[in-house]
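Here's a quick tour of this model, written for someone who likes to look at contacts and geometry. Have the viewer open and follow along.

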Amino acid sequence: MRRQVALAAAVLAAPLALAGCSSSGATAAPAAPASPASAPRLSVSGAYIPLPSLPDMAAGYFVLRNDGGEAATLTGVTSPQAQSVSMHQSTASTMVDTPTVRIPAHGVVTFARGGRHLMLMGLNPAPKLGARIDLTLRFDDAAPVTVQATVQPLTYQPGPSGQPGQSG
Ligand SMILES: [Cu+2]
């Protein structure tokens with residue numbers, strides 16, 4: 001049994017080595033093309049949700065970086081814990097819907113108070129302090145990225161560039 005598990009692990013780790021000698025008749029899946037060096041490389045840090053005053057509606061903030069050599073376009077965010085998630089941009093007097101957000105090559109886009117934010121509606125269960133809410137960011141030119149946003153006190157301020165911050 002242990003031997004089989006080890007063998008399976010070896011097969012999973014080295015699909016290319018087996019591609020030429022399969023005797024089962026199954027066609028080996030082609031190896032995924034390696035991403036070009038210039039492809040978008042996206043990461044999210046410091047995701048948080050201030051404890052909302054309404055039970056089923058909240059804002060969400062995070063820092064989105066692109067370390068790749070090509071721009072990426074964020075096309076939407078979903079959460080299994082929310083009926084809908086929209087991307088908004090606050091202006092002086094209102095907020096507008098932003099269906100897509102472009103992240104330049106080697107660029108950073110910050111969702112923060114008073115600016116870009118997520119609007120989560122229909123949260124279920126209602127968020128509690130310290131709870132984690134999954135957010136999946138989808139891009140039109142890169143794989144989705146899922147992060148956990150932590151529900152923080154209303155007074156929470158994130159640190160620079162999305163590092164964990166302080167509340168109080
Ligand atoms: Cu909004």
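Let's start with charges: the count here comes to 1 salt bridge. Keep in mind that this is a predicted model. The bridge is formed by R65 and D67, whose closest N and O atoms sit 3.2 Å apart. Are the two partners buried or exposed? Neither label fits: R65 is partly exposed because its relative accessibility of 35% lies between the 20% and 50% cut-offs, and D67, at 30%, counts as partly exposed too.

Zooming out, the protein has 2 helices and 10 strands. Reading from the N terminus, the order is α-α-β-β-β-β-β-β-β-β-β-β, so both helices come before the strands. The chain has 168 residues, and 34% of them count as buried. Take the contacts between residues at least 6 apart in sequence: 65% of these join residues at least 24 apart.

Now for the metal. Which residues hold the copper ion? The donors are H88 through ND1, M95 through SD, H117 through NE2 and M119 through SD, at 2.1 to 2.6 Å. Along the sequence, these donor residues follow the spacing H-x6-M-x21-H-x1-M. H88 belongs to strand β4 (residues 84–90) and M119 to strand β8 (residues 116–121), so this pair ties together parts that are 31 residues apart in sequence. Both H88 and M119 are buried. As for the geometry, the 4 donor atoms subtend angles of 98 to 127° around the copper ion, so the arrangement is tetrahedral; the rule asks for all angles to lie between 85 and 135 degrees.

Next, the rings. A pair of aromatic rings is described by the distance of the centres and the angle of the planes. Searching the whole structure turns up 3 aromatic pairs. One of them is F62 with F111, a stacked pair at 4.4 Å centre to centre and 20° between the planes. This pair links distant parts of the chain, with F62 in strand β2 (residues 57–66) and F111 in strand β7 (residues 107–111), 49 residues apart. Ring pairs also join Y48, Y61 and Y156 into a cluster.

Here's how some of the residues discussed in this report compare on accessibility:

| Residue | Relative accessibility | Class |
|---|---|---|
| F62 | 1% | buried |
| F111 | 2% | buried |
| D67 | 30% | partly exposed |
| R65 | 35% | partly exposed |
| T110 | 42% | partly exposed |

T110 deserves a stop of its own. This residue lies in strand β7, the strand that also holds F111. What does T110 touch, leaving out residues up to four places away in sequence? The partners are F62, V63 and R116. T110 and V44 are 66 residues apart in sequence, yet their C-alpha atoms are 9.7 Å apart in space.

Last up is the nonpolar core. The largest one has 28 residues, and L64, L74, L118, L120, L137 and F139 touch the most other members. Pick L64 for a closer look: again leaving out residues up to four places away in sequence, L64 touches L42, S43, V44, L74, I103, G107, V108, V109, L137 and F139. That list includes L74, L137 and F139, which are also among the core residues touching the most other members.

Conventions: Residues numbered from 1 in each chain as written. Predicted model: local features only at pLDDT ≥ 70, side-chain atom pairs only at ≥ 80, totals over all residues. Heavy atoms only, no water. Core = buried A, V, L, I, M, F, W, Y, C linked by side-chain atoms within 4.5 Å. Buried < 20%, exposed > 50% of the residue type's maximum accessible area, 1.4 Å probe, protein only. Contact = heavy atoms within 4.5 Å. Salt bridge = Lys/Arg side-chain N within 4 Å of Asp/Glu carboxyl O. Donors = N, O, S within 2.8 Å, 3.2 Å for Na, K, Ca; no water. Tetrahedral: all angles 85-135°; square planar, octahedral: opposite > 155°, others 65-115°. Helix = DSSP H or I, 4+ residues; strand = E, 2+ residues; numbered from the N terminus. Phe/Tyr/Trp six-rings, centres within 6.5 Å; stacked < 30°, edge-to-face > 60°.
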